[in-house]
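Hi there,

Here is the structure I promised to pass along. Please have it open while you read my notes below.

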Amino acid sequence: MLDLSILFPSVLNGLTTGAVYALIALGLTLIYGVLHIINFAHGASLMVALYAVYWLKERAGIDPYLALPVVVPGMFALGYVLQRGVINRASHGKDENILLVTLGISIVLENLALIFFKSDTRTIETAYTLTTVPLNIGVAQAMIALPKLVAFGGALVASALLMLVVNRTDLGRAIRAVAKEKHGARLMGIDVDHVYAMSFGIGLACLGAAACLLLPAYYVNPQVGSGFVLVAFTIVVLGGMGSFAGALVGGLLIGVVESLGGLVLGESLGQIGIFVIFIGVLLFRPQGLFGAKA
């Protein structure tokens, strides 16, 4: 039986990590919900965002959190241009072509990172990197790293803003209309290609926010996105394909499972629980926790 003094910090650590996982998965589920394709370049795009935050800190001295107004719009612009100028033109409206194009983009981005940054793992140092904050809930106590606490709050705020945009704005209504029936949306005067590009841009903007929240306590190298995107795919399936609430809840759940798995089985085996859940969902509830049956 695990002691509460060990269990409570582990759960907190899982929640803080899971919130960032959820933000990454929200971008993926938005792209899937509208374009109905899996974006294989999602992990490589996160890597680009992490390198952007790293470069701004090392070359311009901009704090990762202060880089949010730069990196988020920059990633949105990258996503919009990639969808409108590359993916849309090269796919010719075929989903299988989109999968191949996004896979090709992923390979190109990772190899460009190797050319410019080599294969070295890079980190940044800030005044608050090693700062910890005490948390007390009843008899349970824990010390949590300040960057992880900020990442938790920031990821929840960013997720709330995304869901507000999708549910309460004209753009959000257009996104939901195109996701439901693109031909009917086009007949109603909605520019479907523009909505596709906006959705892809917003999905990558989520990655920009996640990168700014991650890097004070994490690292970057050309392959860093692969691990995150595998977890993000699991979260999307767990929560339900296209479900924003499912991505948020699934991200928090997966973060806790990973943390507890690492506590019980060791850090190298901590992710086993994630893939056990993934297989279980596919077997017993393939529509996910919040997804509707086909």
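Strand 1 and strand 2 run antiparallel and are joined by 6 bridges. One of the pairings puts Val-133 opposite Ile-144, its bridge partner in strand 2. Do keep in mind that this is a predicted model.

Strand 2 covers residues 140–145, and its side chains alternate. Ala-140, Ala-142 and Ile-144 are buried and point to one face, while Gln-141, Met-143 and Ala-145 point to the other face and are not buried.

Now to the nonpolar cores. In general, nonpolar side chains in soluble globular proteins tend to be buried together. Here the largest nonpolar core has 74 residues. Those with the most contacts inside it are Ile-24, Leu-30, Val-34, Leu-46, Leu-50 and Val-71. Helix 8 (residues 192–214) supplies the largest share of this core, with 14 residues. What does Leu-46 touch, leaving aside its neighbours within four places in sequence? Leu-46 is in contact with Ile-24, Leu-207, Ala-210, Ala-211 and Phe-228. There is also a second, separate core of 5 residues, which includes Phe-8 along with Ala-140, Ala-142 and Ile-144. Those last three are the buried residues of strand 2 mentioned above.

The aromatic rings may interest you too. A ring pair is described by the distance of the centres and the angle of the planes. The count comes to 7 aromatic pairs. In one of them, Phe-40 and Phe-233 are edge-to-face, with 6.4 Å centre to centre and 75 degrees between the planes. Phe-40 sits in the loop between helix 1 (4–35) and helix 2 (42–60), and Phe-233 in helix 9 (residues 224–239), so this pair ties together parts that are 193 residues apart in sequence. Phe-40 is partly exposed, at a relative accessible area of 37%.

Why is the pair of Tyr-65 and Tyr-128 stacked? Their ring centres are 5.3 Å apart and their planes lie at 15 degrees, so the pair counts as stacked, the cut-off being under 30 degrees. Tyr-65 is in the loop between helix 2 and helix 3 (68–91), whereas Tyr-128 is in the loop between helix 4 (95–117) and strand 1 (132–137); the pair therefore links parts 63 residues apart in sequence. Tyr-65 counts as buried at 18% relative accessibility, and Tyr-128 counts as buried at 15%.

Finally, ring pairs link Tyr-21, Tyr-218, Tyr-219 and Phe-228 into a cluster. Phe-228 is also one of the contacts of Leu-46.

Best wishes

How values were computed: Residues are numbered from 1 along each chain as its sequence is written. This is a predicted model: local features need pLDDT of at least 70, side-chain atom pairs count only at pLDDT 80 or more; totals for chains, interfaces and linings use all residues. Side-chain values use heavy atoms; hydrogens and water are left out. Rings of Phe, Tyr and Trp (its six-membered ring) pair if their centres lie within 6.5 Å; planes under 30 degrees apart count as stacked, over 60 as edge-to-face and the rest as tilted. Helices (H or I, at least four residues) and strands (E, at least two) are DSSP runs, numbered from the N terminus. Buried means under 20% relative accessible area, exposed over 50%, partly exposed in between (1.4 Å probe, protein chains only). A nonpolar core is a set of buried Ala, Val, Leu, Ile, Met, Phe, Trp, Tyr and Cys residues joined through side-chain atoms within 4.5 Å. Contact means heavy atoms within 4.5 Å. Two strands pair if DSSP finds at least two bridges between them.
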